[in-house]
Structure formats: C-alpha cells, structure tokens
Amino acid sequence: MAVKCLIVVDVQRDFCPGGALAAAGGDDIIPVINGLMDKFDFVIATKDWHPSQTVHFEKWPVHCVRGTDGARFHKDLNIDKINEVVLKGTGNTDDGYSGFEGTNVDMSSWLKRNKVTEVYVCGIATEYCVLATAVDALKSGFKTTVITDAIAAVEAAAGDTEKALAKMKDAGLELKSSDSI
Ligand code: VGL
Ligand code: ZN
C-alpha cells in the first residue's frame, strides 16, 4: 500500500493577497488544500521563516520574518490536520526555497521514518518553493505529484508559471488536478 503525504508549501499570510510578497491566487487555493487533507496519511506544512536580515532580502521584499504576523499560516488553512511544520530559509546566507532544506526537521528522514512512499505538493509559490520542494522530493526517492489547482504563483514576470510547469514536467514530476486525487 502506498503511504501518502501532502506537503503544503508556505501557505503564509505574506504570500497571500494583502501580504508583502503576494501570489494573486493565494486565497483561492485554501479550500482546495483543506479539502484534500483527509485523503492523506500525513500532512506536512512548510514555512518560509527568515531572519530579519538575510541575503534573500536583496532579491525580495522583506517577507515571512520569523515570529511576525506575515509568517503565520493563512487564517483559513486547517492547521488541525498538520502533523509537522518544517521551517526553511532560516539562515542569512541562502534562500532556502526547498522544504528539504528545512532546519528544524529533516523532511526526507521524517518521511522515510513514517514509511511514506508518495508525496503530493501544493501551496505557494509555484515557481520557487513549490518547484524546488517537488524536485527535491523526487530526488529523495518519493513518487511526486504537484497538484495543479492547489498552487499559486508570484509571477514576478509574465509567463513564470508556464515555465515552472514545464520544468516540473521535464524533471519527471506528475501534474494532477485535485479532482483526480
Ligand atoms: C518563496 C520567494 C521568496 C516561496 C519564498 O515560498 O516560493 N518565494 N521566498
Ligand atoms: Zn522567502
């Protein structure tokens, strides 16, 4: 039997409308994500969790500074179903886009310890942390699917979403919509 984990990437206030680095579709994916949680054996949520000074803020507006309101989960995300929270981007010398670069939990070990064989990735942002997390999941040996209607993009440049989806396909990731899960 497959053991499945849903990885909810960075569904935080700063990445949703009204936040410091908002993905336009951030609010719309919340009900989809909440509705999927019961279909999984485990749910892991990642958080972008930056120090107030980091090289990361040379590329991006200040966002998701650890402990601030902007770093909290979206108010409508069902946090009761989350089994583990993985903090990433916690250093001041790197971006830490991938959940597999978490510093409080080694996500690959956590998944293997819990006998997870398949992971499904959703959340924000499609072209950064979702992409990086999904690619690393595949490299770590998990059958990996990205849920196409449960991801939202920052789209700093027009076309970034399409490019990210093409990279996902090239990397060998499965792309599925939530109604087929
Ligand atoms: C992210 C840009 C900067 C993400 C994090 O969660 O995808 N994007 N920091
Ligand atoms: Zn960040």
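Start by selecting Leu 173: with a relative accessible area of 7%, Leu 173 is buried (buried means under 20% relative accessible area, exposed over 50%, partly exposed in between, with a 1.4 Å probe and protein chains only). Keep in mind that this is a predicted model, where local features need pLDDT of at least 70, side-chain atom pairs count only at pLDDT 80 or more, and totals for chains, interfaces and linings use all residues. Residues are numbered from 1 along each chain as its sequence is written, chains are lettered from A and ligands numbered from 1 in the order in which they are written, and side-chain values use heavy atoms, with hydrogens and water left out.

Leu 173 sits in the loop between helix 4 and strand 6. Helices here (H or I, at least four residues) and strands (E, at least two) are DSSP runs, numbered from the N terminus. Now show what surrounds that side chain. Leaving aside residues up to four places away in sequence, Leu 173 touches Ala 134, Val 135, Leu 138, Thr 144, Val 146 and Met 168; a contact means heavy atoms within 4.5 Å. For a sense of scale, draw a C-alpha to C-alpha distance to Trp 49: Leu 173 and Trp 49 are 26 Å apart in space and 124 residues apart in sequence.

**Down the tail**

Step along to Ser 177, in the segment after strand 6 (174-176). Ser 177 is partly exposed, at a relative accessible area of 25%. Which residues does Ser 177 touch, not counting those up to four places away in sequence? They are Ile 147, Thr 148 and Asp 149. Another distance to draw runs from Ser 177 to His 56: their C-alpha atoms are separated by 32 Å, with the two positions 121 residues apart along the chain.

Ser 180 also belongs to the segment after strand 6. It is partly exposed, with a relative accessible area of 45%. The C-alpha atoms of Ser 180 and Asp 80 are separated by 24 Å, and the two are 100 residues apart along the chain.

**Over to the zinc**

Next, pick the zinc ion (ligand 2). Which residues are its protein donors? Select Asp 48 (OD), His 50 (NE2), His 56 (NE2) and His 63 (NE2), which lie 2.1 to 2.2 Å from the zinc ion. Donors are N, O and S atoms within 2.8 Å of the metal (3.2 Å for Na, K and Ca); water is not among the atoms, so sites may look incomplete. Along the sequence, the spacing of the donor residues reads D-x1-H-x5-H-x6-H. Switch on a surface and check two of them: Asp 48 and His 50 are both buried.

From His 63, move on to Cys 64, in the loop between strand 2 (42-48) and strand 3 (84-88). Look at the backbone here: phi of Cys 64 is near 45 degrees, a positive value in a residue other than glycine. Is Cys 64 buried or exposed? At 0% relative accessibility, Cys 64 is buried.

Phe 73 is another stop in the loop between strand 2 and strand 3. This one counts as buried too, at 13% relative accessibility. Show its neighbours: beyond four places in sequence, Phe 73 touches Val 11, Gln 12, Arg 13, Ala 45, Thr 46, Lys 47, Ile 79, Ile 82 and Val 85. Phe 73 and Glu 127 are 54 residues apart in sequence, and C-alpha to C-alpha they are 20 Å apart in space.

**Two more backbone stops**

Zoom in on the link from Ile 124 to Ala 125: that peptide bond is cis, with omega near -10 degrees. Ala 125 falls in the loop between strand 4 (118-124) and helix 3 (126-139).

Then go to Glu 155, in the loop between strand 5 (143-152) and helix 4 (160-171). Glu 155 is not a glycine, yet has a positive phi of about 55 degrees. It is partly exposed, with a relative accessible area of 31%.

**Zoom out**

Switch to cartoon and count: the protein chain has four helices and six strands, running β-α-β-β-α-β-α-β-α-β from the N terminus on. The radius of gyration is 15 Å, close to the 16 Å that the globule rule gives for 181 residues, so the protein chain is as compact as a globular protein of that length. That radius is taken over C-alpha atoms, and the globule rule is 2.2 Å times the number of residues to the power 0.38. Along the principal axes, the C-alpha atoms fill a box of roughly 45 × 35 × 30 Å.

Finally, colour by burial: buried residues make up 53% of the 181 residues.
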